[in-house]
Amino acid sequence: MSHPLEQLRAEALREIADAPDAQSLEALRVRCLGRSGSISAWGEQMKTLAKEEKPVVGKLLNEVRNAVTAAIETRAQQFRSQKETGALSKIDISLPGRASGYSGYSGYSGYPTVGYSGYASATNGRASLHPLTQMLERAIEIFRRMGFALANGPDIEDEWHCFDALNTPPEHPARNEQDTFYLPDGRLLRTHTSTVQIRTMQSAPPPIRVIAPGAAYRRDEVDATHSAQFHQIEGLYVDENVSVADLKGTLEFFMRELFGADTAVQFRPHYFPFTEPSLEVYVKSKALKKGEQWIEVCGCGIVHPAVFEAVDKARGDKAYDPEKWTGYAFGLGMDRLAMILFDIPDIRFFAQNDLRFLRQFA
Ligand code: DAH
């Protein structure tokens, strides 16, 4: 006659194999292994056994417990995979997906459908990123690798952040009502993202290494290359002993990463109130459609001491002492970069939401 523990094991294993579902298996587990379960009860009984019986029964008890535990786990796993297979079998993976974005899509009629702004629902309902967003993501990725953090500021600005703090005097033409959008309360739509240079320095002491992408606004005549709203990526680096060489190295690396290794980059002297010296950056690359032409893509320079002084005055400290700190800044025209990169002939396409255009970037 076998030991009662062995009978218990045989019975439990049979019941486990016969368990019809996960719930009855769980009930069985409690009945055998639970605190007052049949196998656990044997643990208690051990105390009453004779000394020489204890090791033998103890060993058997362990074997039984392990065998039952393993059998329950195996059976539970069977139930789990049955459930998954069952769920999957109800999904017909050969069924074509339904178009999203707007309802009733039944092929392209030849007319742009406006009804969904922002990201374009460009290919049969599959959304894709707007070319400007794609451009922005590429640019951010390159600057990130060079250690730049992201900064931002408001589109509606005050004159001080847009002009005064950037060493741009009241008589400067950029401040003219004909060139800028003013609000009735005297605030304005920022004419460039350089405002974020000031905001960043107001909120944190040097060293600073940021890029600030965003929209800018001007009362330009709208044509193929001018729009009342356009986009820029501002850059600012402030540290000790920053030189034009650092600026050139950074922008050359950026242009070659973006347009290809054979891109030629040229720096030409220019004038901006907030930098001294100031430069304009031109690129030329055989890989681009425009081929041998030099194209202007960026304004930049070494931050003018007057800008640091304006920031310190607003901060009420000497955090940006121009005797100690130097920096470079740049402003990239994002629409321009995207037009070059994707060979887009007209800046107005970016805002027209025409699917024939947007689909080409899906
Ligand atoms: N803010 C200038 C513009 O919109 C571009 C620019 C030039 C930005 C030089 C800079 C800079 O940061 O240093 O035309």
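Is Cys32 buried or exposed, and what is its relative accessible area? In this predicted model, Cys32 is buried, with a relative accessible area of 5%. Cys300 is likewise assigned to the buried class, its relative accessible area being 1%. Across the chain as a whole, 40% of the 362 residues count as buried, and the exposed surface amounts to about 20,100 Å², of which carbon and sulfur atoms supply 52%.

With regard to covalent cross-links, a disulfide is a bond of this kind between the sulfur atoms of two cysteines. The cysteine sulfur closest to that of Cys300 belongs to Cys298 and lies 4.8 Å away, which is too far for a bond, because a pair is accepted as a disulfide when the two sulfur atoms are within 2.5 Å. Under this criterion, the count of disulfides in the model comes to zero.

The overall dimensions were then considered. The radius of gyration of the chain is 35 Å, whereas a value near 21 Å would be expected for a compact globule of 362 residues. Along the principal axes, the C-alpha trace spans about 110 × 60 × 50 Å. The secondary structure comprises 12 helices and 11 strands, and, among contacts between residues at least 6 apart in sequence, 67% join residues that are at least 24 apart.

As to charge, the chain carries 41 positive and 47 negative side chains, and the centres of these two sets are separated by 8 Å.

Conventions
Residues numbered from 1 in each chain as written. Predicted model: local features only at pLDDT ≥ 70, side-chain atom pairs only at ≥ 80, totals over all residues. Heavy atoms only, no water. Helix = DSSP H or I, 4+ residues; strand = E, 2+ residues; numbered from the N terminus. Rg over C-alpha atoms; globule rule 2.2 N^0.38 Å. Buried < 20%, exposed > 50% of the residue type's maximum accessible area, 1.4 Å probe, protein only. Contact = heavy atoms within 4.5 Å. Areas by Shrake-Rupley, 256 points an atom, 1.4 Å probe, with all protein chains shown as cover. Lys, Arg positive; Asp, Glu negative; His and termini not counted. Charge placed at Lys NZ, Arg CZ, Asp CG, Glu CD.
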